[in-house]
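Subject: Structure for your files

Hello,

The structure you asked about is below. My notes on strand pairing and salt bridges follow it.

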Amino acid sequence: MRRNGKIDVENAAEFMYVLPFVAKAFEMEIIPANTIVAQIGETLILTCNTTGCASPSFSWRTQMDNPLGGTVNNHGTYSTLTMNPVSIVNSHDYLCTVFCGEQEKKEKSIKVELYSFPSDPIIEIRPSLVAGEPVTVICKIPDVYPSDHLEVLLKRGEHVLHEENFYEDDSTNTETKTVTYSFNPTAEDIGKEITCVAKLPIANMDFEPKERVTSQKLNANFGPQNTVITASPGNSPMEGDSLKLTCVTESNPLPQIVWRKHLADESIQHLIENNVLSIPHARFTDSGLYICEVINLVTNKTEKAAVDIVIQGAPNIAELSIEPSTTVQEGENVSIQCTAESNPPPKIILRRKSDSADMGPYSEGRILLLPSVTFLNGGDYECVAENKFGKSKSEITFNVQYGPKNTMISVIPATAVKEGETVTMKCTSSGNPSPVISWKKKKATGETEKIFQNATLTIQNIKSQDLGLYECEAYNQFGKEEKAVKLLVQVPPQNVTVLVYPSENVKEGENVTITCSTYSNPPSQMVLKKVHQEKEIILPSVNGTFILYNVTKNDTGRYLLDVFNEVGNNIKVIDIAVVGRLEKPDQMIPVVIALSCVTAIAVPVVAILIYVSRKAKINGSYSLVKALRLKV
């Protein structure tokens, strides 16, 4: 059996073994029998098989005792001789001898016949075909054996040009045989086929194929010529479109095609070696002059074609930058630059981004200059590029670093608060980087003491000792700024002390001095009132001292000392008793009351002098109507 160029007789032996066992006499056979035809280079397996013998022994040899040229493998009741690959040395009669015990012996032979006809002829035409010029057709038949049976025909179309055989050839191995024929082709011959027919007719040898054929068209070499470039969808596609450039030429054989592009710096960029140049997504940078260079290596001729490609579309902002940096210090010179790609060229506007009508710095061009920048120049800037196909925007943030500015203090509820309330002082300041804010308080010595580090200082349950001058300091690496606020703590009269001199019990004619001291903010006012008087007498004071001159029994009684300010008041009760009499009742006694007030906080002193004229017949009574008119 022949399977894939391999003659497999081993399977035939295995097939025999699946038959039902029947006791037989000792027999042998060679598979295949008698004669086998094998092609040089393939694999051949010869099988020597026995029946009727349990333990046969095998021996292989050639009848002329030449080398086997193969490998022997024994498998119990059969033996194989494998030739891989088959070569010219395997052209023999092979003899298989089988011994069954010492008495029985059998042998058979098989003839191995070889040939080689592995591939179709190869046609070469030299030199390259040009109409009217002589050419030689060469037909090569590879690895033929036996070549003395080889027959070759050369045909042009159906016309036989040349016929040749190798009957006299005495080659003893495979050889490549060559047949040549020269002629002058005409224009009519262009496109016709040259055919080489090789035959190996060997009688009594069964193999296929015994005839092999190869054809080749007669093609005249020419060109390149009429080279053009086609652009799809056109020479001016939109950005993002797929662009395909095809180089079309007339040339035989097919030429070598090289694409190149002229760059802006006059250099040439090598692209690809193909007749089609594809750009899946065209960009503005793909604009330029494209050159298709066609080279026919046979005719040694070159032709070029060129096309100018212009990519159109809305602007694409390629770069938006700030020099020297996006972060600078006040006073530096800065330039903002914007570049955009588009066709037609875009109109470029550089400006500060703002919601207000005042856009700030503005430039209709690629560069916006900002000399000696201030903190007001910081912020977001935008570049707007526009043409007839649309517009594009890009933003960049410009950061100007500067020291603290516009430092302010706000006080809630006010700079003057009542004792026990809560006051919140908030310090705000602009700066870049954001300033660090701290609070200091000025001491009585004039020095300042750092008390808090934060923008908001809150004092709960404020007391009188919390009043004073508070300073807010805003600081960063570029400087500092300070603001101050004076905090007033309003305190109602407290720690009121009343002294009566010489005593609350005095004699007629003596002077009584009532002294009052207190602490309050703002400064307190004081009035002295006598209880159960027909007409209420109110004696005001701004100095805290009351003097009753030459008192009489009518001055005996309960007095109320009212100490008050905007925040509150405090009332003290004084009981004065006057005994004895130093003067006649009808004598007019002037009583001068000097009023003054001394408080813990320095205030202007206002002296009020009230003169009271009292008649002698009005015993001990006061007439201070005029004094009331003088009250301040």
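Is Lys 353 buried, partly exposed or exposed? Lys 353 is partly exposed, because its relative accessibility is 40%. Please keep in mind that this is a predicted model.

Lys 353 forms a salt bridge with Glu 395, and the closest N and O atoms are 2.4 Å apart. Lys 353 sits in the loop between S28 and strand S29 (362–363), while Glu 395 belongs to strand S32, so the salt bridge ties together parts 42 residues apart in sequence. Glu 395 is also partly exposed, at 45% relative accessibility.

Strand S32 (residues 390–412) has several pairings. A hairpin of 2 residues connects S31 to S32, and these two strands run antiparallel with 9 bridges between them. One of the bridge partners here is Ser 392 in S32, matched with Ala 385. S32 also pairs antiparallel with strand S34 (residues 423–432) over 7 bridges, where Lys 405 is opposite Ser 430. With strand S26 (residues 327–329) the pairing is parallel, over 3 bridges, and Val 328 has Val 400 as its partner.

S31 takes part in a salt bridge too: Arg 351 pairs with Glu 382, with the closest N and O atoms 2.8 Å apart. Arg 351 is in strand S28 (residues 347–352) and Glu 382 in strand S31, 31 residues apart. Glu 382 counts as buried, because its relative accessibility is 5%.

The whole structure has 15 salt bridges. Among the residues involved, Lys 440, Glu 473, Lys 480 and Glu 482 form a network.

Regards

Definitions and conventions: Residues numbered from 1 in each chain as written. Predicted model: local features only at pLDDT ≥ 70, side-chain atom pairs only at ≥ 80, totals over all residues. Heavy atoms only, no water. Pairing = 2+ DSSP bridges. Helix = DSSP H or I, 4+ residues; strand = E, 2+ residues; numbered from the N terminus. Salt bridge = Lys/Arg side-chain N within 4 Å of Asp/Glu carboxyl O. Buried < 20%, exposed > 50% of the residue type's maximum accessible area, 1.4 Å probe, protein only.
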